[in-house]
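Visitor: I have a structure open and a few things to check. Can we go through it topic by topic?
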Amino acid sequence: MTDDDTPVADGSGELEETAPKRSKRFEALDERAVTEDGFVNEWPEVGFVAMESPNDPDPSITVEDGEIVEMDGKDRAEFDFIDRFIADYAINVEKAEEAMATDSEQVARDLVDINVPREDIVELTTAMTPAKLSEVVNHLDTAEIIMAMKKMRTRRTPGNQCHVTSVEDNVAQIAADAAEAALRGFFEIENTVGVARMAPLTALAQQIGAQCGRGGVITQCAVEEATELELGMRGMTGYAETVSVYGTEDVFKDGDDTPWSKAFLASGYASRGLKMRYTSGAGSELNMGQAEGKSMLYLESRCILVTKGCGVQGLQNGGISCIAIPTSVPAGVKEVAAENLITMMADLEVASGNDQTFTHSDKRRTARMMPQFLAGTDFIFSGYSAVPNYDNMFAGSTFDSYDFDEYNIMQRDLQVEGGTKPVDEETVLEYRERAAKAVQSVFEELGFPPISDEEVEAAVYANGSKDMPERSTAEDIKAAEEMMEEGLNGAELVKILADNGFEEIAENLLGILKGRVAGDYIQTSGIFEGDGDFDVVSAVNDPNDYQGPGTGHRLEGEDWEEKKEVRFAVDPEDI
């Protein structure tokens with residue numbers, strides 16, 4: 001052996017190559033989980049840049065006779081269909097010239113100035129072009145983005161949303177997990193399926209379980225759009241968010257869509273009392289190879305303004321299913337927070353990502369969600385996995401059911417409202433059993449494949465699908481098809497539940513259906529408060545009024561006392 005990589009004789013007279021001697025510290029570091037993540041250097045020409053690409057346009061606007069005829073360096077004749085849609089529908093033309101003339105650094109300062117009210121800023125930011133919005137936010141560092149988000153989110157009260165899915169699409173398990181998720185404080189619960197034709201049954205099971213856990217939890221089943229809309233119209237779901245928008249025309253075309261077709265689809269949901277928000281997220285255009293050399297933040301600003309122009313009340317963004325792309329480049333996590341902030345600046349509800357997993361590092365996944373957690377957003381996660389990630393059919397989440405206690409303790413440690421709350425095992429088991437038995441009774445009433453007592457008991461105590469008995473997927477699919485053919489609706493489901501002794505679940509589901517008729521919860525950032533009265537809380541009646549210490553939402557009173565009650569805390573006098 002030698003101390004360098006000089007070839008040495010192997011005894012036969014031939015020289016043998018030897019590896020260079022390595023630092024044992026660097027060898028140890030090479031074994032850390034973070035080295036398994038993907039990282040790339042910036043390549044602006046193809047869009048591998050999170051913020052401030054040299055190819056991003058400079059902000060500009062020209063208005064003639066109430067019409068935008070030039071925007072971000074393009075004359076109207078050069079507009080692609082995204083530019084045209086944004087110019088015609090997304091920008092407050094009356095304030096546009098004033099907003100664009102305002103110094104971007106000054107707007108950035110106003111975002112973090114506790115003496116400047118949110119409404120004053122929104123008056124200008126809703127009149128800005130995509131390039132201007134990007135330029136403003138590029139002046140902020142991450143701590144300042146957090147400060148700005150605390151003031152700029154639409155609803156005063158932060159909340160959370162979760163995934164409830166099963167790799168086996170097991171209905172008893174889904175109902176029980178939905179009940180537990182509702183009990184844990186999630187305002188919205190989202191399902192998708194492994195087998196597409198199972199969607200009607202999983203939507204039904206999730207709706208029943210959610211209304212068992214806490215009346216007023218709004219549910220979604222993310223599947224093909226026609227099925228999703230029909231399930232919503234029948235009262236099996238209450239919202240949708242998987243209608244995607246994109247930042248370049250070519251990617252829109254690849255999806256056989258335009259901003260106008262997306263607007264038409266959104267009107268289909270809203271006109272039927274279904275809450276709707278779009279989905280976008282940095283990296284989708286680069287993933288398709290059609291980023292036009294622009295930064296991820298600039299392209300996402302275009303997505304946000306398309307959403308605004310469509311009249312949709314909110315947006316799910318923050319990387320989402322493409323999160324591994326922005327987080328692979330410098331400032332990618334900062335960019336994700338910045339796109340959440342721009343959504344707020346457009347006066348939209350934001351479900352701020354933190355869903356699809358992107359890293360092997362526990363430290364990194366926690367760091368990624370801290371800006372939204374500390375600032376508070378309308379939905380801090382747009383998909384906290386309320387099941388083990390092996391059951392998560394959305395490709396896994398940043399946090400899952402194994403993290404429940406740690407997430408609650410983070411709220412307790414920092415006195416931060418994170419949208420979940422501690423629960424005790426006895427109550428969880430009680431609610432899981434009620435939900436599973438309710439689905440069992442509904443299946444029996446409808447003549448669907450029976451859910452055995454063994455399945456119910458397994459669902460009560462299960463951690464995930466690995467703990468559940470097998471069911472015949474083929475038979476369940478037949479039942480799902482029958483359910484759709486016979487037109488089962490929410491009102492009929494209410495009656496079945498009530499007739500079989502589940503009056504409380506029936507009342508809660510009826511409350512959801514009444515809310516659909518009233519339509520109040522499709523206001524910006526609408527949720528049901530969850531107190532049993534089905535009071536709607538939204539940006540209309542719970543506007544964010546943060547202006548520094550002592551204002552805005554504070555975690556205090558009963559809510560703070562509830563957060564303190566970690567199940568394994570001890571009384572000091574008992575030590």
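Visitor: How much space lies in the largest pocket?
Guide: About 630 Å³. Keep in mind that this is a predicted model.
Visitor: Which residues lie nearest the centre of that pocket?
Guide: Thr 157, Phe 187, Glu 417, Glu 529 and Asp 559, out of 24 lining residues.
Visitor: And by class, what does the lining of the largest pocket have?
Guide: There are 13 charged residues, seven polar and four nonpolar.
Visitor: Which helix gives the most to that lining?
Guide: Helix α23, residues 557-564, which supplies four residues.
Visitor: Now closed space. How many cavities of 30 Å³ or more are there?
Guide: One cavity reaches that cut-off. The largest cavity holds about 30 Å³ of space.
Visitor: What lines the largest cavity?
Guide: Its lining consists of Asp 405, Asn 408, Ile 409, Pro 422, Val 423, Val 566 and Arg 567. Sorted by class, that is four nonpolar, two charged and one polar.
Visitor: Switching to cysteines. How many disulfides does the count come to?
Guide: Zero. Cys 162, for one, is in no disulfide, and the nearest cysteine sulfur, that of Cys 221, is 14 Å away. The cut-off for a disulfide is 2.5 Å between the sulfur atoms.
Visitor: Is Cys 162 buried or exposed?
Guide: Buried, with a relative accessible area of 0%.
Visitor: What about Cys 303, which cysteine sulfur is nearest?
Guide: That of Cys 322, 11 Å away, and Cys 303 is in no disulfide. Cys 303 counts as buried because its relative accessibility is 0%, and buried means under 20%.
Visitor: Last topic, helix α22. How many residues does it have, and how far does it reach?
Guide: Helix α22 runs over residues 503-518, so 16 residues, and spans 22 Å from first C-alpha to last. That is close to the 22 Å expected at 1.5 Å a residue.
Visitor: Which residues in α22 are buried?
Guide: The buried ones are Ile 505, Ala 506, Asn 508, Leu 509, Gly 511, Ile 512, Leu 513, Gly 515 and Arg 516.
Visitor: What do the buried residues of α22 pack against?
Guide: Four helices and a strand: α9 (199-213), α10 (225-233), α18 (425-446) and α21 (490-499), plus β14 (527-528).
Visitor: And what follows α22?
Guide: Gly 519, with a positive phi near 80 degrees.

Conventions:
Residues are numbered from 1 along each chain as its sequence is written. This is a predicted model: local features need pLDDT of at least 70, side-chain atom pairs count only at pLDDT 80 or more; totals for chains, interfaces and linings use all residues. Side-chain values use heavy atoms; hydrogens and water are left out. Helices (H or I, at least four residues) and strands (E, at least two) are DSSP runs, numbered from the N terminus. Buried means under 20% relative accessible area, exposed over 50%, partly exposed in between (1.4 Å probe, protein chains only). Contact means heavy atoms within 4.5 Å. On a 1 Å grid over the protein atoms alone, a cavity is a set of points where a 1.4 Å probe fits but cannot get out, and a pocket is an open set with protein on both sides within 12 Å along at least five of seven lines; lining residues have an atom within 4 Å of a point. Grid points are joined across faces, edges and corners, and a volume is the space filled by probe spheres set on the points. Ala, Val, Leu, Ile, Met, Phe, Trp, Tyr, Cys and Pro count as nonpolar, Asp, Glu, Lys and Arg as charged, and the others, Gly among them, as polar.
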